[in-house]
Each structure stands twice: as structure tokens, then as C-alpha cells.
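This report describes the fold, the buried interior and selected surface features of one protein chain. Please consult the sequence and the structure shown below while reading.

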Amino acid sequence: MSRRWIQNPNRCADEYLDGIEDFIEFARRHNPGATRIRCPCRRCNNTLFETIENVGFHLVRNGMIETYSIWNLHGEQVNHASSSNAPRVDNVEPIVDPNDQVMGIIQDAFPFASTNINQEGEDDVPTPIDSAEFEQYEKLLKNANQELYPGCESFSVLTAIVELMHGKIKYRMLNLCFDYFLGVFKRMLSTDNCLPKDHKHAQKVLHGLGLRYEKNPRLQKQLHVILQRA
């Protein structure tokens, strides 16, 4: 079975999500009765143990170690010919830029935005676009490209909101508490920052992704991970 999906940078792609399902099935089959297994995501790096369900979530959010193509730490037998290709546990993979990850999700949620490459000599066939959807796409794209504040390279408006919402849900923060800390963060930043003032306005920014999220099971899984999992 090909494991080229491990190298796929688009973790919304069907190939990548199907590959994760194959890995989880493999891990269950080779570790019967195990409640926790090594997590081969780029952050855990096969050094931390997680429940099999959490391993699946980590692999969507963080990606799998790119060199882990022989799953010897999860029960795969390694012969002498391939043992030299087995990954070192201390080889930590770099974390994918969250800005790139969010942009990938937007492109996956709104496929009409991708440029169609036609064969030479063929006429371009315009893809029908719903005006409301296109408006949502433009708003999300603007927030994904807009700096949180002038000169900020680490976060766009959209990635900042996704990260804050992730913390809110993970730690079961009440809306009132979330609004308080959001207000504090906003005052800490420069006065020309674009951070939403409260939970209600943050939800409005994510509204476009939310509409697509409900219609696309695979996108639902990806967004669920980004917003709710460590």
C-alpha cells in the first residue's frame, strides 16, 4: 500500500484523510486491546502515548512525521533490507505554518476559487458560483490575509481567531470569560489591531467556514480538530 499521503501538505485532501484511517485501522489491528499507542504526529514525535482516537485527531491537525513510512513502532515488521529506513525517534519534524493550514482549509471549503487548468485549445467553462458563497469566501480570504496588527507575521486575523476559539472550547470557557480575556488581549495589542472585541464577533468571522463545515463531513473533521483538539 502506498504511503505517499504522508508527504501530502494538504491535510484536507481525501488521500490524506483516507491514509489516516488506514493507519488507525493498522494500529488497532496490530495493538489489540491497547488503550493508548505512540502518537506519530509531528508534535508528539512517537515519544508520547495517546488514545487511538486522539492520535487520529493529532495526525489531522499536526501531520504525521514525514519519515515515518515504516510503522515499526506500531507493530509493522521490519526486515533487514528496510531497517535502515526506519525513522529515528528524536528526529523532530517542523510544525506546519498555521496560516498556510487555514488557507488550505479555505481553498478546500470553496473549491470554485481554485483555478481550472484546461487542456490546450479547450474553452474555459465557468463554474457556477452562488453570490452569497462568493461573498463569504471574499470575507474569509480578507481575514486570512490581513495581519492581526501592522507588522504581525505570526498571526492573521483568521488564524488568531481559530487559535483563541480552540482554547475556549478545549478549556470549556464560558462566553463571558472569553469576552473578558479577548478584551484584555485587544487592549494589550496596538490600537490598530483587528482582533474581534467579543465571542459574537469572532463567530461572525468563522461563519463562512461554518456554513461549509456543516455540508462537508471531511471538512467537518478537519475544523473539529483545529477548533477543539490540542
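A residue is called buried when its relative accessible area is under 20%, and exposed when that area is over 50%. By this criterion, 39% of the 230 residues in the chain are buried. The model is a predicted one.

**Overall architecture**

The chain contains 8 helices and 2 strands. Read from the N terminus, the elements follow the order α-β-β-α-α-α-α-α-α-α. Of the contacts between residues at least 6 apart in sequence, 58% connect residues that are at least 24 apart. The exposed surface of the chain amounts to about 13700 Å², and 52% of this area is supplied by carbon and sulfur atoms.

**The interior**

Helix H2, which spans residues 52-62, is mostly covered, with 10 of its 11 residues buried. Among the buried residues of H2 are the nonpolar Ile52, Val55, Phe57, Leu59 and Val60, together with Asn54, His58, Arg61 and Asn62. After H2 comes Gly63, which has a positive phi near 85°.

The largest nonpolar core comprises 21 residues, and those with the most contacts inside it are Trp5, Ile20, Phe23, Val55, Leu59, Met64 and Trp71. Helix H1 (14-30) and H2 are the elements that contribute two or more residues to this core. H1 provides the largest share, namely 7 residues.

Which residues does Leu59 touch, not counting those up to four places away in sequence? The partners of Leu59 are Arg11, Tyr16, Ile20, Phe23, Pro40, Cys41 and Met64. A second core, separate from the one described above, has 16 residues, including Leu140, Ala144, Leu158 and Val205.

His199 belongs to helix H7, which covers residues 199-215. With a relative accessible area of 12%, His199 counts as buried, because this value is under 20%. Apart from neighbours within four places in sequence, His199 is in contact with Met165, Lys168, Asn175, Phe178, Asp179 and Leu182.

**Loop residues with positive phi**

Most residues other than glycine have a negative phi. Two loop residues that are not glycine are considered here for their positive phi.

Asn45 has a phi of about 55° and lies in the loop between strand S1 (36-38) and strand S2 (49-51). Arg172, with a phi near 50°, is placed in the loop between helix H5 (157-170) and helix H6 (175-188). Is each of these residues buried or exposed? Asn45 is buried, because its relative accessible area of 5% is under 20%. Arg172 is exposed, because its relative accessible area of 76% is over 50%.

**A nonpolar surface patch**

Tyr180, Phe181, Phe185 and Met188 form a nonpolar patch of about 450 Å² on the surface. Met188 is located in helix H6. The relative accessible area of Met188 is 63%, so Met188 is classed as exposed by the over 50% limit.

**Summary of accessibility**

The table collects the relative accessible areas of the individual residues discussed above.

| Residue | Relative accessible area | Class |
|---|---|---|
| Asn45 | 5% | buried |
| Arg172 | 76% | exposed |
| Met188 | 63% | exposed |
| His199 | 12% | buried |

Notes. Residues numbered from 1 in each chain as written. Predicted model: local features only at pLDDT ≥ 70, side-chain atom pairs only at ≥ 80, totals over all residues. Heavy atoms only, no water. Helix = DSSP H or I, 4+ residues; strand = E, 2+ residues; numbered from the N terminus. Buried < 20%, exposed > 50% of the residue type's maximum accessible area, 1.4 Å probe, protein only. Contact = heavy atoms within 4.5 Å. Areas by Shrake-Rupley, 256 points an atom, 1.4 Å probe, with all protein chains shown as cover. Core = buried A, V, L, I, M, F, W, Y, C linked by side-chain atoms within 4.5 Å. Patch = residues over 30% accessible without salt bridge, like charges linked within 9 Å, V, L, I, M, F, W, Y side chains within 5 Å. Salt bridge = Lys/Arg side-chain N within 4 Å of Asp/Glu carboxyl O.
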